[in-house]
Amino acid sequence: ERATSYTSKATNGDINILVYQEACTDVLSGEKYNKKVVVTVNGKRYEGCGQHLFDAALNGKWILQKINNRLPTPTDFAKGLPLIELNLQQEKLSGHDGCNSIFGGFEVWGSKIKFKPMASTKMACPGNKNENEFTHLLSGQTIDYYFKDGQLYFYLPDDSIIIFRKG
């Protein structure tokens with residue numbers, strides 16, 4: 001079983017947290033989670049279900065506004081401005097890049113999003129100026145995100161910034 005491990009030493013004892021990538025159903029509430037969690041504190045073991053914490057405002061549709069100070073216009077794309085839809089519960093991404101439909105998975109860890117490699121349809125869209133640009137920047141990347149003035153900012157490892165507005 002593959003797990004992510006977190007360990008901390010404190011004056012009151014050690015704590016170890018193992019987060020497993022497997023479905024888990026809470027026995028008391030019946031609520032379903034996508035992580036099994038095992039916590040060991042001073043040798044005492046606790047098991048349960050969990051998920052990474054995130055800002056619920058991420059959930060929903062986001063329309064591309066800006067890539068690195070460049071303002072794309074709807075006429076740059078066959079289907080209008082690219083958009084992504086983030087489904088936090090299912091950890092699934094869908095949308096389009098202005099031409100092709102895109103889809104993939106992701107995980108949110110606090111203020112970071114880890115995007116899994118994205119897939120897309122392969123339609124030709126003559127006249128599309130920047131097809132694939134933002135999906136190429138996000139696919140397979142772990143990025144920081146934050147909100148400012150009601151917009152969603154993605155801060156990428158290469159110092160580029162992508163800005164979205166709620167759709």
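Student: What makes the pairing of glutamate 91 with lysine 35 a salt bridge?

Tutor: In this predicted model, the closest N and O atoms of glutamate 91 and lysine 35 are 3.7 Å apart. A salt bridge requires a side-chain nitrogen of Lys or Arg within 4 Å of a carboxyl oxygen of Asp or Glu, and therefore the pair, at 3.7 Å, qualifies.

Student: How do you know that the pair links distant parts of the chain?

Tutor: Glutamate 91 is in the loop between β8 (83–87) and β9 (92–96), whereas lysine 35 belongs to strand β5 (residues 35–41), and 56 residues separate the two.

Student: Why is lysine 35 called buried or exposed, and what is the verdict for glutamate 91?

Tutor: Buried means under 20% relative accessible area. Lysine 35 has a relative accessible area of 1%, so it is buried, and glutamate 91, with 17%, is therefore buried as well.

Student: Which salt bridge do the side chains of lysine 35 and glutamate 107 form, and what distance supports the name?

Tutor: The distance from N to O is 3.1 Å, and since the limit is 4 Å, the contact between lysine 35 and glutamate 107 is a salt bridge. This pair, too, links distant parts of the chain, with lysine 35 in strand β5 and glutamate 107 in strand β10, 72 residues apart.

Student: Is glutamate 107 buried or exposed?

Tutor: Glutamate 107 has a relative accessible area of 5%, and because buried means under 20%, it is buried. Salt bridges that share partners join Lys35, Glu91 and Glu107 into one network.

Student: How many salt bridges does the structure hold, and what makes the contact of arginine 45 with glutamate 47 one of them?

Tutor: There are five salt bridges in the structure. For arginine 45 and glutamate 47 the closest N and O atoms are 2.8 Å apart, which is within 4 Å and so meets the cut-off. Glutamate 47 has a relative accessible area of 52%, and as exposed means over 50%, glutamate 47 is therefore exposed.

Student: How do you know that strands β5 and β6 pair?

Tutor: Two strands pair if there are at least two bridges between them. Strands β5 and β6 (residues 44–50) share seven bridges and run in the antiparallel sense, so they pair. One of the partnerships is that of valine 39 with tyrosine 46 in β6. The two strands form a hairpin with two residues between them, and asparagine 42 in the turn has a positive phi of about 50°.

Student: What makes strand β2 a partner of β5?

Tutor: Strand β2 (residues 13–20) is joined to β5 by six bridges, the two running antiparallel, and because at least two bridges are required, they count as paired. Leucine 18, for instance, has valine 38 in β5 as its bridge partner.

Student: Why is the phi of glutamate 91 worth a remark?

Tutor: Most residues other than glycine have a negative phi. Glutamate 91 is not a glycine, yet its phi is positive, about 55°. Aspartate 159, also a residue other than glycine, has a positive phi near 75°. Aspartate 159 lies in the loop between β14 (151–155) and β15 (161–166), and with a relative accessible area of 53%, where exposed means over 50%, aspartate 159 is therefore exposed.

Student: Why does glycine 30 count as neither buried nor exposed?

Tutor: Glycine 30, in the loop between β3 and β4, has 42% relative accessibility, which lies between 20% and 50%, so the term is partly exposed.

Student: What makes the contact between asparagine 100 and lysine 122 a polar contact?

Tutor: A polar atom of the side chain of asparagine 100 lies 3.3 Å from the backbone nitrogen of lysine 122, and the limit for such a contact is 3.5 Å, so the distance fits. Asparagine 100 is in the loop between β9 and β10 and, with a relative accessible area of 2%, is buried.

Student: Which residues lie nearest the centre of the largest pocket, and what lines it by class?

Tutor: The largest pocket contains about 250 Å³ of space. Its lining consists of 14 residues, with Asn34, Gln51, Leu88, Gln89 and Glu91 nearest the centre. The elements that give two or more residues to this lining are β3 (24–25), β4 (32–33) and β10 (101–109). By class, the lining has seven nonpolar, five polar and two charged residues.

Key
Residues are numbered from 1 along each chain as its sequence is written. This is a predicted model: local features need pLDDT of at least 70, side-chain atom pairs count only at pLDDT 80 or more; totals for chains, interfaces and linings use all residues. Side-chain values use heavy atoms; hydrogens and water are left out. On a 1 Å grid over the protein atoms alone, a cavity is a set of points where a 1.4 Å probe fits but cannot get out, and a pocket is an open set with protein on both sides within 12 Å along at least five of seven lines; lining residues have an atom within 4 Å of a point. Grid points are joined across faces, edges and corners, and a volume is the space filled by probe spheres set on the points. Helices (H or I, at least four residues) and strands (E, at least two) are DSSP runs, numbered from the N terminus. Ala, Val, Leu, Ile, Met, Phe, Trp, Tyr, Cys and Pro count as nonpolar, Asp, Glu, Lys and Arg as charged, and the others, Gly among them, as polar. Buried means under 20% relative accessible area, exposed over 50%, partly exposed in between (1.4 Å probe, protein chains only). A polar contact is a pair of N or O atoms within 3.5 Å; within protein, one must be able to donate a hydrogen and the other to accept it, and residues adjacent in sequence count only if both atoms are side-chain atoms.
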